[in-house]
There are 2 protein chains.
Amino acid sequence: MSVITIERKILEKNDEVASQNREVFLHHGIFAINIVSSPGAGKTSLLERTLTHIKDTINVAVIEGDVQTDLDAQRVSALGVPAVQIVTKGGCHLEAPLVKEALASVDLSNVQLLIIENVGNLVCPANYDLGEAVKVVVASVTEGDDKPLKYPTMFRNASVMIINKVDLLPYVDCKIDVLRQNALSVNPLLKVFETSCVTNAGVTEWCDWLEKNTRKK
Amino acid sequence: MSVITIERKILEKNDEVASQNREVFLHHGIFAINIVSSPGAGKTSLLERTLTHIKDTINVAVIEGDVQTDLDAQRVSALGVPAVQIVTKGGCHLEAPLVKEALASVDLSNVQLLIIENVGNLVCPANYDLGEAVKVVVASVTEGDDKPLKYPTMFRNASVMIINKVDLLPYVDCKIDVLRQNALSVNPLLKVFETSCVTNAGVTEWCDWLEKNTRKK
């Protein structure tokens, strides 16, 4: 029982700072999204495609969360987009205070869209509000179609699901309609996109949605 | 700092019960393995292939860990192998006391091999000893070749790495030699297998290793 109490205290403190982050985003008119998935579902590749597509029309900044290494921030920086790397050194999810700290090194006045790429983990990040407007869960078809049922909290707390790697559908045991249906049974309000970073399928639709939700400055 | 202290206490308590579990396994001559991976890396499919291959020659029992649902235990039971499902209800990893509790409903006197399938999570289960003889990390080629560098603790604490879904190599951006090299740079002692549950490649080699490490009764 004591563990539960401690966990609650950590979450309360987290949520307090998340509210502060949210105020900062509102103040600057920034649309902030928190991208979550299993390791290797393709968050960073999708981010690269997204940045390539939108960086000339939207001022975007990126916060990268990783357990170890700054490989992902390097990939984002290579596209000329400002990126801050948070290395959690073993920590299994980002927390709001880490994001608050990272924000201090971003010039927010000009940013319209902030993309936070969380640690690859389909469990723990689900419960940690970072102050984002929406959580975006990326589900790779290579993971099978049962993941929304097995990890329901993440799909319940997300507003958008991106079904990624659809180019691999012919080779894997995943029925995309079943995956979609399982996700919607957990969260009927999910907005669903289908993408491939190999064929670029669906990237335009996803970026259109991002642009529609980003405010002009 | 207080969080670290609490975490230590949780781990100390866990390790105490893990030692008790280890004693139980030694007493009964049971080879216990703890299979870990990202969600959707193919732990359960590989388990099905493994059980089909060995169940007539080895007395095996399975403990399934999942955040939600008993889908995996159903799949194992369908093969006629005794299975206990632990549902963590949001918990991101198995802990030794949960395994101890599950062991109470298994007739251990006749078991030679116990396979524990952990929650799909490449971060948190790394630090929780369940009393197993070895941790086996399953890495799917669909996750890319950089995961050992980004999630090093899991690969450091594992004794075996199974590179799974090798049938998908022609279609994904993963160099198997780089994946192997990255894993060995983190843990030079890793025993590596390459498997596919579609073609059955490598399953015999993996099962031979399991049989070699399982004691006759």
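B:Lys89 sits in the loop of chain B that runs between strand S3 (83–87) and helix H4 (96–103). In this predicted model, the residue has a positive phi of about 50 degrees although it is not a glycine. Most residues other than glycine have a negative phi. A second lysine in chain B invites comparison: B:Lys165, found in the loop between S6 and H7, has a phi near 60 degrees, again a positive value in a residue other than glycine. As for their surroundings, B:Lys89 counts as exposed because its relative accessibility is 68%, whereas B:Lys165, at 14% relative accessibility, counts as buried. The two residues are set out below.

| Residue | Loop in chain B | Phi | Relative accessibility |
|---|---|---|---|
| B:Lys89 | between S3 and H4 | about 50 degrees | 68%, exposed |
| B:Lys165 | between S6 and H7 | near 60 degrees | 14%, buried |

The loop that holds B:Lys165 leads on to helix H7 of chain B, which comprises residues 176–186 and has as its buried residues B:Ile176, B:Leu179, B:Asn182, B:Ala183 and B:Val186. These buried residues are on the same side of H7(B), because they cover an arc of only 130 degrees around the axis. An α-helix has 3.6 residues a turn, so residues three or four places apart point the same way. The other side of H7(B) carries B:Asp177, B:Gln181 and B:Ser185, which are exposed. Among the elements of chain B that cover the buried residues of H7(B) are helix H5 (147–150) and helix H6 (152–157), together with strand S6 (160–164) and strand S7 (191–194).

Turning to chain A as a whole, the model shows eight helices and seven strands. Chain A is as compact as a globular protein of its length, because its radius of gyration of 17 Å is close to the 17 Å that the globule rule gives for 217 residues. Its C-alpha trace spans about 50 × 45 × 30 Å along the principal axes, and 57% of the 217 residues of chain A count as buried. Of the contacts in chain A with a separation of 6 or more, 74% are accounted for by residues 24 or more positions apart.

The surface and charge of chain A complete the description. Chain A exposes about 9100 Å², of which carbon and sulfur atoms supply 52%. Its side chains include 22 positive and 27 negative ones, and the centres of these two sets lie 3 Å apart.

Technical notes. Residues are numbered from 1 along each chain as its sequence is written. Chains are lettered from A and ligands numbered from 1 in the order in which they are written. This is a predicted model: local features need pLDDT of at least 70, side-chain atom pairs count only at pLDDT 80 or more; totals for chains, interfaces and linings use all residues. Side-chain values use heavy atoms; hydrogens and water are left out. Buried means under 20% relative accessible area, exposed over 50%, partly exposed in between (1.4 Å probe, protein chains only). Helices (H or I, at least four residues) and strands (E, at least two) are DSSP runs, numbered from the N terminus. The arc is that of the directions from the helix axis to the C-beta atoms. Contact means heavy atoms within 4.5 Å. The radius of gyration is taken over C-alpha atoms; the globule rule is 2.2 Å times the number of residues to the power 0.38. Accessible areas come from the Shrake-Rupley method with a 1.4 Å probe; for residues, only the protein chains shown count as cover. Lys and Arg count as positive and Asp and Glu as negative; His and the chain ends are not counted. The place of a charge is taken as NZ of Lys, CZ of Arg, CG of Asp or CD of Glu.
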